Amino acid sequence: MQQIRRTFKSANKMSIQTLDAFQVIADPSRRQMMQLLSKNSMTINTLAENFEMSRPAVSKHIKIMYNAGFISITDIGRERYCTLKQDGFHELQNFINFFDKFWLAKLKKLETILNNKSKQ
């Protein structure tokens, strides 16, 4: 899985936390932000108006989604517009496709067994 790196300052030390696509979408606020962005591009300030959190907290979520490839950010004048993009979802889709194939194969085997039993 693709990993992104986040750096936090703590007691004069820098620690690095890696997040994969599933950790990025694990946060309900980020999922809600992605749902809002699926309708239209939004400025960071407009996006922040939809949440009861500080503007810096929204910016932190935006940065996480940006680094993971879920959104792009375009500067237009003094505004920064966020747009949902497909890249971050590829890893999720590949994971889901793997298990779709897995379960379809299992169900096909079960169907074959049941068909053979019914013929007996």
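A contact, as the word is used in these legends, means heavy atoms within 4.5 Å.

**Figure 1. Overview of the predicted model of the protein chain.** The model shown here is predicted. Five helices and five strands make up the protein chain, and along the sequence they follow the pattern β-β-α-α-β-α-α-β-β-α. Among the contacts in the protein chain with a separation of 6 or more, 41% are accounted for by residues 24 or more positions apart. Of the 120 residues, 26% count as buried. The accessible surface of the protein chain comes to about 8,800 Å², and carbon and sulfur atoms contribute 53% of this surface.

**Figure 2. The open sheet formed by β3, β5 and β4.** Three strands lie in the order β3-β5-β4, and their pairing is antiparallel. Strands β3 (42-43) and β4 (71-76) each have a single partner strand, so one side of each is left without a neighbour in the sheet. Helix α4 (residues 55-67) packs on the sheet and touches β4 and β5. The direction of helix α4 makes about 115° with that of β4.

**Figure 3. Pairing of strand β5 with β3 and with β4.** Strand β5 covers residues 79-84 and is joined to β3 by two bridges. On this side of the sheet, M42 stands opposite C82, and T43 stands opposite Y81. Six bridges join β4 to β5, and these two strands also run antiparallel. Here Y81 appears again, as the bridge partner of T74. Residue Y81 of β5 thus faces T43 and is also paired with T74.

**Figure 4. The hairpin of β4 and β5, with a salt bridge between D75 and R80.** Two residues lie between the strands of this hairpin. In the turn, G77 has a positive phi of about 65°. The side chains of R80 and D75 meet in a salt bridge, with a distance of 3.0 Å from N to O. Are these two residues buried or exposed? D75 counts as exposed because its relative accessibility is 54%, and the cut-off for exposed is over 50%. R80, with a relative accessible area of 39%, is partly exposed.

**Figure 5. The salt bridge between K85 and D87.** The closest N and O atoms of K85 and D87 are 3.3 Å apart. K85 has a relative accessibility of 30% and therefore counts as partly exposed. D87 is likewise partly exposed, with a relative accessible area of 44%. This pair is one of three salt bridges that the structure holds.

**Figure 6. Helix α5, its span and its buried residues.** Helix α5 consists of 33 residues (residues 87-119). How far apart should its ends lie? At 1.5 Å a residue the helix should span 48 Å, and its end C-alpha atoms are 48 Å apart, which agrees. The buried residues of α5 are G88, E91 and L92. The cover over these buried residues includes helix α1 (21-26).

**Figure 7. A salt bridge within helix α5, between K108 and E111.** The side chains of K108 and E111 meet at 3.2 Å, N to O. Both residues lie in helix α5, three residues apart, which is about one turn of the helix. An α-helix has 3.6 residues a turn, so residues three or four places apart point the same way. E111 counts as partly exposed, at 39% relative accessibility.

Key. Residues numbered from 1 in each chain as written. Predicted model: local features only at pLDDT ≥ 70, side-chain atom pairs only at ≥ 80, totals over all residues. Heavy atoms only, no water. Pairing = 2+ DSSP bridges. Helix = DSSP H or I, 4+ residues; strand = E, 2+ residues; numbered from the N terminus. Axes fitted to C-alpha atoms, helices over the stretch in contact; angles between N-to-C directions. Buried < 20%, exposed > 50% of the residue type's maximum accessible area, 1.4 Å probe, protein only. Areas by Shrake-Rupley, 256 points an atom, 1.4 Å probe, with all protein chains shown as cover. Expected span 1.5 Å × (residues − 1). Salt bridge = Lys/Arg side-chain N within 4 Å of Asp/Glu carboxyl O.
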